[in-house]
Amino acid sequence: ELLEKAHATYPNVLRTEAVDEIIDLLEGYPTTFYLNRDGKIIGPSFVGERELDDFTTTAKDLIGK
């Protein structure tokens, strides 16, 4: 419901037993991770608010790898 109200069209990970291990290591909220199709973390994480350019630049760098 929250994601629908925010018109979030990007994938989001909800807390489940499968992701508890990662969530317990978070330094703050929100935290953004870059994952591949297998769910493996492939890039840096961002803690807190960032400019869109930060996310876009990192995503483009990771796609180029």
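**Close-up views of an aromatic cluster**

Two aromatic pairs are counted in this predicted model, taking rings whose centres lie within 6.5 Å as paired. The legends below take a look at each pair and at a neighbouring threonine.

**View 1. Tyr34 meets Phe46 edge-to-face.** The two rings of this pair sit 6.1 Å apart, centre to centre, with 75 degrees between their planes. Distant parts of the chain are linked here, as Tyr34 and Phe46 are twelve residues apart. Tyr34 belongs to the loop between strand 1 (31–32) and strand 2 (46–47), while Phe46 lies in strand 2. Tyr34 has a relative accessibility of 12%, so this residue counts as buried. Phe46 counts as buried too, because its relative accessibility is 10%.

**View 2. Phe46 also pairs with Phe55.** This second pair is again edge-to-face. Here the ring centres of Phe46 and Phe55 are 5.1 Å apart, and the planes make an angle of 80 degrees.

**View 3. Three rings make up one cluster.** Step back a little to see Tyr34, Phe46 and Phe55 as one aromatic cluster. Phe46 takes part in the pair with Tyr34 and in the pair with Phe55.

**View 4. Thr58 touches two residues of the cluster, Tyr34 and Phe46.** You can find Thr58 in helix 3, which covers residues 52–63. Which residues does Thr58 contact, leaving aside its neighbours within four places in sequence? They are Tyr34, Pro44 and Phe46. And is Thr58 buried or exposed? Its relative accessible area is 13%, so Thr58 is buried.

Conventions: Residues numbered from 1 in each chain as written. Predicted model: local features only at pLDDT ≥ 70, side-chain atom pairs only at ≥ 80, totals over all residues. Heavy atoms only, no water. Phe/Tyr/Trp six-rings, centres within 6.5 Å; stacked < 30°, edge-to-face > 60°. Helix = DSSP H or I, 4+ residues; strand = E, 2+ residues; numbered from the N terminus. Buried < 20%, exposed > 50% of the residue type's maximum accessible area, 1.4 Å probe, protein only. Contact = heavy atoms within 4.5 Å.
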